[in-house]
Number of protein chains: 2
Amino acid sequence: MALYGERGFEQTTVAEIAKRAGLAERTFFRHFSDKREVLFSGAAALEALLVSTVVTALDDQVPIDAVVAGLETAGALIQQRRDFSRQRQAIIAANTELQERELIKLASLASAIANALRQSGVREPAASLTAEAGIAIFKIAFERWVNGPDELDLPTVIREYLSVFKDVTARG
Amino acid sequence: MALYGERGFEQTTVAEIAKRAGLAERTFFRHFSDKREVLFSGAAALEALLVSTVVTALDDQVPIDAVVAGLETAGALIQQRRDFSRQRQAIIAANTELQERELIKLASLASAIANALRQSGVREPAASLTAEAGIAIFKIAFERWVNGPDELDLPTVIREYLSVFKDVTARG
C-alpha cells in the first residue's frame, strides 16, 4: 500500500506491487482479484467478527444496540491500525473508483448484518433498516475518527453517534 | 437504455447507443461522461428537487421528517416512471460497476442533504446522521417498491419505512 501513497493509485501497476511484496504477478492474482482489492484485504475477517458479535449481542440487547455493539468491536480492531487507516483513507479519497469500491463493501456489510438479524428472528423491513442504520452510524463515526485528532477512540465515537442518531430519529 | 436490456450493459458500445439515439458519438460525450451515466441522467434534477423540498419542509418539521418529505417528493417523481425504473434496476443488478455508481450517487445525495441541513442550522454530526438515515430509508423502500407488486405506492412505502425506522432506533 505504501506504493499507492508514494505515486498514486492509478500510477501503480500490479507488477510493481508484486515486486515490492516479493511476489510473482501470478501469485498476486491468486490473493487479489485486482489491484483495488489490496486496500480491502481485511474486509472478510472484519465482517465475520462483526456478524458473530452482533448475533451474540442479540441475546440481551435490542437489534440496533446489538448491531452497534458489533460495530464497536470492529472499530476497536480498525483502531489498532490507525496509521494504516489514515493512509488508506487518503488513497481512497483521491480516487473515485476506490470510493465506489468502499461503498460497495459497506453495502455488503449491511447485507451481512441484515441477514444475521433475519436469522435471529428479526422481520423485514426492520432487519434491513436496522442494518442500514448501523452502517450509517459507522460511516459517519469513521469519517470523524479518521480525520480527527489522535486522542479520538473509534468505539467511543461510534457509541456517541448512536446516541445522536437515536435523538435525531426520535418520534416528535 | 433499451439496448442495455437487449444485449447487456457490457456488450453495448457508445457507438451503438449514439446511433440508436440518432446522435454523433461526440454529441453523446457532450451529454454523458461515459456510458454508465446514461442510467443516471435524471439524478441532478432529482437532487435539486429533493434539496429544495427538504429546505422548505424544515420550516415546520424536525430534520428527519423534513428529509423524508423531500424523499417522498422525489419518490413521487420516480414512480411516474415505474417501467423505466424496473428496467434500469435489472440492468444495474446485473453489473457490479453500475451498482457501485448507484451507491456513489446515493452517497452524494446524502452529502447534498447534509449540506442543506447544515445551512439551515442543523449542527454536526446530527446533520450527516439525519441525511444518512433518510438515504437508508429511501434505499430499502426503493428496493421494496421496485421489486414489489404494481399497486405499491413509493411515497407511501417511504413513509411507512420511516415509521419502522423510528421504531427500530427508539431508545429502549
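Okay, let's start with how the two chains meet: 100% of the interface residues of chain A are also interface residues in chain B, so the copies meet through the same surface. Keep in mind that this is a predicted model.

How many residues are we talking about? On chain A, 29 residues are in contact with 29 residues of chain B. Four helices of chain A each give two or more residues to that side: helix 5 (63-79), helix 7 (96-119), helix 8 (126-147) and helix 9 (154-168). Helix 8 of chain A supplies the largest share, with 11 residues. If you sort the side of chain A that touches chain B by class, you get 17 nonpolar residues, five polar and seven charged.

Now the symmetry. Turn chain A by 180°, with 0.0 Å of shift along the axis, and it superposes on chain B with an RMSD of 0.0 Å. That is the relation of a two-fold axis. Which residue of chain A comes closest to the rotation axis? That's Glu100(A), with its C-alpha at 2.5 Å.

Glu100(A) is also one of the buried residues of helix 7 of chain A, so let me stay on that helix for a moment. Helix 7 of chain A has 24 residues and reaches 35 Å from first C-alpha to last, close to the 34 Å expected at 1.5 Å a residue. Its buried residues include some charged-looking names you might want to click on, Glu100(A), Arg101(A) and Glu102(A), and also Leu103(A), Leu109(A) and Ile113(A). What do the buried residues of helix 7 of chain A pack against? Within chain A, helix 4 (43-57), helix 5, helix 6 (82-93) and helix 8, and across in chain B, helix 7 (96-119).

Just past the end of helix 7 of chain A, look at Gly121(A), which takes a positive phi of about 100°. A bit further on, Glu124(A) and Pro125(A) are joined by a cis peptide bond, with omega about 0°. Pro125(A) sits in the loop between helix 7 and helix 8 of chain A. Chain B has a cis bond too, between Glu124(B) and Pro125(B), again with omega about 0°, and Pro125(B) is in the loop between helix 7 and helix 8 (126-147) of chain B.

On to the core. The largest nonpolar core has 74 residues, and those with the most contacts inside it are Ile137(A) and Ile137(B). Take Ile137(B): setting aside neighbours within four places in sequence, it is in contact with Leu129(A) from chain A, plus Val68(B), Ile158(B), Tyr161(B), Leu162(B) and Phe165(B).

Last bit, the domains. Chain A is divided into domain 1 (1-39) and domain 2 (42-168), and their centres, taken over C-alpha atoms, are 27 Å apart. Seven residues of domain 1 of chain A are in contact with nine residues of domain 2 of chain A. On the domain 1 side, that breaks down into four nonpolar, one polar and two charged residues.

One residue to look at in the N-terminal stretch is Glu6(A), in helix 1 (residues 2-7) of chain A. Buried or exposed? Glu6(A) counts as exposed, because it has 10 C-beta neighbours inside 10 Å. Its C-alpha is separated by 9.9 Å from that of Ile91(A), 85 residues apart along the chain.

That's me done, so over to you.

Note on methods: Residues are numbered from 1 along each chain as its sequence is written. Chains are lettered from A and ligands numbered from 1 in the order in which they are written. This is a predicted model: local features need pLDDT of at least 70, side-chain atom pairs count only at pLDDT 80 or more; totals for chains, interfaces and linings use all residues. A nonpolar core is a set of buried Ala, Val, Leu, Ile, Met, Phe, Trp, Tyr and Cys residues joined through C-beta atoms within 7 Å. A residue is buried if 20 or more other C-beta atoms lie within 10 Å of its own, exposed if 12 or fewer, and partly exposed in between; C-beta atoms are placed from the backbone. Ala, Val, Leu, Ile, Met, Phe, Trp, Tyr, Cys and Pro count as nonpolar, Asp, Glu, Lys and Arg as charged, and the others, Gly among them, as polar. Copies are superposed by least squares on the C-alpha atoms of residues with pLDDT of at least 70 in both. The expected span of a helix is 1.5 Å times one less than its number of residues. Domain bounds come from an automatic or database domain assignment.
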